[in-house]
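Reader: I usually start from the charged side chains and work outwards. Please take one part of this model and walk me slowly through its surroundings, with the cut-offs spelled out as you go.

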Amino acid sequence: MRVMLTGASGFIGTALLAHFVREGWQVEAVHRSAERPRLPGVRWRGVDLWQPEEVSKLIRETRPTHLVLNAWVSTPGIFWSSPDNMRWLEATTSLLHAFGAAGGESVVGLGSCAEYDWNAEHFVENKTPERPDTLYGQAKLTTSQRMFALKQTYGFNAAWSRVFMPYGPGDAPGRLVPSVIRHLMLGQEMPLSKGLQIRDFIYVDDVAEAVARLLRQGADGVFNLGTGIGTSVRDIAFMIAGHFDTAHLLKFGELEERAEPAVLVADMTKLRHTLGWQPEISPEIGIARTLAAASRLEVSGQE
């Protein structure tokens, strides 16, 4: 198995790469920057995926049998409406064409729960309406549709994973979990909404495990990728504060409530039946691991 992984140096990409290395897979790790750490079985490819000629050359040189579509704009506060969403849509389409034409066997794409109609009460593949109200969600949904159309043209297997709320080491600083951790580590007050939103938080290593299994199995179709268990934003914040004894620094209700769904929790029936697997890392364990990683970074930064 020769796997090409795009976005290999990002948050989820780093977890995927670590998992692939543990599996002993041969990996073509695609990224934009030049220097990356040496890892067994990994060849780093500094490529601008927005340039179709570079994409075609990359596929001709590497001839991957499997492909993971992970690269995308993900900057907190920006990605929802960034024009880069459309650039990644076109870049990913070009990559899929090149991969299919070269005889690639299987693709797994990382999508988002933002592809669904968030007014729905349940989020079930092929049942819940797909009605994204952000450019990000629209571009992800269109990418999945193009992937499945190209599957018919080229004959590769294609699975699209709609990731819910990933968190863990390496998460972007502006997202919920790292923001709360950073404020409390520094002894600073953390302004929050009321925190009553129920979300499906999934630890990044569980995301990587599920993607690897979908890829290995050559699965086809759309799959929710969450835990199937809802946890409130308030409870996540208290879990973090419990490690520092700083619950008094959590300032619930100081941020204006946004127009967003009260509940976003994945139905995990399809993935569980297809893979015979379900996420293993609870929020309590995941938060503890994330805090441990943050502490190591803090110590490293001080030395």
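## A loop, a strand and a helix

Author: Asp117 counts as buried, with a relative accessibility of 10%; buried means under 20% relative accessible area, exposed over 50%, and partly exposed in between, using a 1.4 Å probe and protein chains only. Before going further, please keep in mind that this is a predicted model, in which local features need pLDDT of at least 70 and side-chain atom pairs count only at pLDDT 80 or more, while totals for chains, interfaces and linings use all residues. Residues are numbered from 1 along each chain as its sequence is written, and side-chain values use heavy atoms, with hydrogens and water left out.

Let's begin with the partner of that acid. Asp117 forms a salt bridge with Arg131, at 2.6 Å from N to O; the term covers a side-chain nitrogen of Lys or Arg within 4 Å of a carboxyl oxygen of Asp or Glu. Both residues lie in the loop between S5 and H4, so the pair ties together parts that are 14 residues apart in sequence. Helices (H or I, at least four residues) and strands (E, at least two) are DSSP runs, numbered from the N terminus. Unlike buried Asp117, Arg131 counts as exposed, at 52% relative accessibility.

A second acid in this loop is Glu115, whose side chain meets that of Arg162 in a salt bridge of 3.0 Å, N to O. This pair links distant parts of the chain: Glu115 sits in the loop between S5 and H4, Arg162 in strand S6, and 47 residues separate them. Both Arg162 and Glu115 are buried.

Glu115 brings us to Lys140, which is found in helix H4. Lys140 is buried yet has no salt bridge, and Glu115, the nearest side chain of opposite charge, is 6.6 Å away. For that count, Lys and Arg are positive and Asp and Glu negative, with His and the chain ends not counted. Setting aside neighbours within four places in sequence, Lys140 is in contact (heavy atoms within 4.5 Å) with Trp72, Leu110, Gly111, Glu115 and Trp160.

The helix around Lys140 is worth a look too. H4 spans residues 135–154, and its 20 residues reach 28 Å from first C-alpha to last, close to the 28 Å expected at 1.5 Å a residue; the expected span is 1.5 Å times one less than the number of residues. Its buried residues include Tyr136, Leu141, Met147 and Leu150, and what covers the buried residues of H4 includes S4, H3, S5 and S6. After H4 comes Gly155, with a positive phi near 90°.

On the other side of the loop is S5, residues 106–112, where seven of seven residues are buried. Ser106, Val108, Leu110 and Ser112 point one way from the strand, while Val107, Gly109 and Gly111 point the other way. S5 pairs with S4 (residues 66–69) in the parallel sense over four bridges; pairing requires that DSSP finds at least two bridges between two strands. One of the S5 partners is Gly109, which bridges to Leu69. Between S4 and S5 the chain passes through helix H3 (residues 84–101), and this β-α-β crossover is right-handed: with the strands pointing away from the viewer, the path from the first strand over the helix to the second runs clockwise.

S5 also runs parallel to S6 (residues 157–163), and seven bridges join the two. In S6, Ala158 is the bridge partner of Val107. Here S5, H4 and S6 make another β-α-β unit, and it is right-handed.

From Leu110 of S5 we can step across to Val207, in helix H6 (residues 204–217). The two are 97 residues apart in sequence and 9.7 Å apart in space, C-alpha to C-alpha. Val207 is buried, with a relative accessible area of 0%. Not counting residues up to four places away in sequence, Val207 touches Ile12, Leu110, Val163, Pro166, Ile202 and Leu225.

H6 also holds one end of another charged pair. Arg216 forms a salt bridge with Glu23, the closest N and O atoms being 3.3 Å apart. Arg216 is in H6 and Glu23 in helix H1 (residues 11–23), 193 residues apart. Arg216 is partly exposed at 40% relative accessible area, and Glu23 is partly exposed at 36%. Over the whole structure, a search finds 15 salt bridges.
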